[in-house]
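Please give me a tour of this model in my viewer. I have not seen it before and would like to know what to select at each stop, and what is there.

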Amino acid sequence: FMKKIFLIFLIMRVNMEKSVQLKDLVENLELEVVYESDDYDKIEIKFNEVNRPGLQLCGFFDTFPYQRIQIIGQPEHEYYDKHLPFDERRNVFDKFFSYPIPALIYSYGISIPYEVYSLAKKHNRTILRVDYGTTKLISRMSEFLEYELSEEIRIHGGLLEVFGMGILIIGKSSIGKSETALELIARGHRLVADDAVNIKKIDNKLYGDSPENIRHFLEIRGLGILDIERLYGSGAIKRSTDIDFVIELENWIEDKEYDRLGLDDNFKNILGIELPYIVIPVKPGRNIALIVEVAARNMRQKMYGYNAAEELNRRIME
């Protein structure tokens, strides 16, 4: 009963608005905290875009995207340091910090001007700094934020890397997903997740991993919980993988017409992405792990332009 409740919880789509704690961003990118606001531990970032406030330094605030992380590099610093009178600089930053920005980051290890520091303190805004360039900072930050804020779903199933391809195996409970995964691991393939798979959509592609608390554990009825890393070594596991296609296991239905040629391609929609989709009927005597291996090889051939069913059809028609 508790496992059913757990699985229902895992399958639920995360509909709430996602955010990243500023302190997590600081820790991940190893940013220097120059001034820490009173609400530093509570600041959340909800956008993966950043803003370089060149227009704002010129006094234009009509379309100021203040919800984003603000970054000042060498050009912005040179402009206001050499081309703006002191009083104008104070007025600009006084208005700049009056908006609830998540944080202001200086790149290239730039020394923070006194008036900027004092106005940040006045408005209770966080100032951060890095010693490397702006382009590198934006690239690292965008990659981190895009991953953390990406659209996400958690589903019941297993995820493995087979011959370099990410295969999502789904099906009803007790259909044999974990047993199939165990045999694939014994054949030299790698486990990413069992029972629950986190799927993220990044750059129009799907990536999967496991919830951290059950990562690389496998449940086999009759044996219990297995630690795959300890049993088979670090080569038998992988932290995450992109998802190339979906295999659904279902109990064999005698009067159902299953695909025997493979001429028609089927797809499954996950987070708006159409993935190649195969249904494998399960019954005693069928080696499902072997079929999954062959499906991976066959799918790779299709990706490179060769379809065995189409080739056979061409020969017959000739």
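Select helix 8, residues 177-186. Seven of the 10 residues in helix 8 are buried, so this helix is largely enclosed by the rest of the structure. The model is a predicted one. To see the covered positions, colour K177, S178, T180, A181, L182, L184 and I185, which are the buried residues of helix 8. Then step just past the end of helix 8 to G188, where phi is positive, at about 105°.

Keep helix 8 on screen and add the strands beneath. Helix 8 lies across strand 9, strand 10, strand 11 and strand 17 (245-251). Its direction makes about 155° with strand 10.

**The six-stranded sheet**

Now show the whole sheet to which these strands belong. It is an open sheet of six strands, in the order 11-9-10-17-19-18, and its pairing is mixed. Strand 11 (190-193) and strand 18 (267-270) are the edges; each has a single partner strand, so one side of each has no neighbour in the sheet. From one strand to the next, the twist averages 35°.

Select strand 10, residues 165-171. How many of its residues are buried? The count is seven of seven, and strand 10 is mostly covered. Both faces of strand 10 are covered, with M165, I167, I169 and G171 buried on one side and G166, L168 and I170 buried on the other.

Add the neighbours of strand 10 one at a time. Strand 9 (residues 158-162) pairs with strand 10 in the antiparallel sense, over five bridges. Within this pair, look for E161, which stands opposite G166 of strand 10. The hairpin of strand 9 and strand 10 has two residues between the strands, and F163 there takes a positive phi near 55°.

Next comes strand 17. Strand 10 and strand 17 run parallel and are joined by five bridges. Here G171 stands opposite L249 of strand 17.

One more helix belongs in this view. Select helix 10, residues 288-303, which packs on the sheet. Helix 10 touches strand 9, strand 10, strand 17 and strand 19 (273-282), and its direction makes about 145° with that of strand 19.

**The four-stranded sheet**

Hide that group and show another open sheet, built from four strands in the order 8-12-13-16 with antiparallel pairing. Its edge strands are strand 8 (151-156) and strand 16 (240-242), each of which pairs on one side only. Neighbouring strands here are turned by 25° against each other on average, direction ignored.

Zoom in on strand 8 and strand 12 (residues 196-202), an antiparallel pair joined by six bridges. In this pair, E151 stands opposite K201 of strand 12.

Now add helix 7. Helix 7 lies across strand 8, strand 12 and strand 13 (205-209), running at about 130° to strand 12.

**Helix 2 against helix 7**

Leave helix 7 (residues 134-149) selected and add helix 2 (residues 22-29). How far apart are the axes of these two helices? They are 11 Å apart, and the helices pack at an angle of about 125°. Angles between 115 and 145 degrees count as oblique, and helix 2 and helix 7 are therefore oblique to each other. The crossing of helix 2 past helix 7 is right-handed. To display the contact, pick D24, L25, N28 and L29 from helix 2, and L137, R140, M141, F144 and L145 from helix 7. By class, this contact of helix 2 with helix 7 holds six nonpolar residues, one polar and two charged.

**Helix 5 against helix 6**

For the last stop, select helix 5 (residues 86-98) and helix 6 (residues 114-123). Their axes are 9 Å apart and the packing angle is about 30°. Helix 5 also passes helix 6 in a right-handed crossing. On the helix 5 side, show F86, R89, R90, F93, D94, F97 and S98. On the helix 6 side, show E115, V116, S118, L119, A120, K122 and H123. The residues of this contact between helix 5 and helix 6 divide into six nonpolar, three polar and five charged.

Key
Residues are numbered from 1 along each chain as its sequence is written. This is a predicted model: local features need pLDDT of at least 70, side-chain atom pairs count only at pLDDT 80 or more; totals for chains, interfaces and linings use all residues. Side-chain values use heavy atoms; hydrogens and water are left out. Axes are lines fitted to C-alpha atoms, for helices over the stretch in contact, and angles run from 0 to 180 degrees between N-to-C directions. A crossing is left-handed if the near helix is turned anticlockwise from the far one by less than a right angle, and right-handed if clockwise. Contact means heavy atoms within 4.5 Å. Ala, Val, Leu, Ile, Met, Phe, Trp, Tyr, Cys and Pro count as nonpolar, Asp, Glu, Lys and Arg as charged, and the others, Gly among them, as polar. Two strands pair if DSSP finds at least two bridges between them. Angles under 35 degrees count as roughly parallel, over 145 as roughly antiparallel, 65 to 115 as roughly perpendicular and the rest as oblique. Buried means under 20% relative accessible area, exposed over 50%, partly exposed in between (1.4 Å probe, protein chains only).
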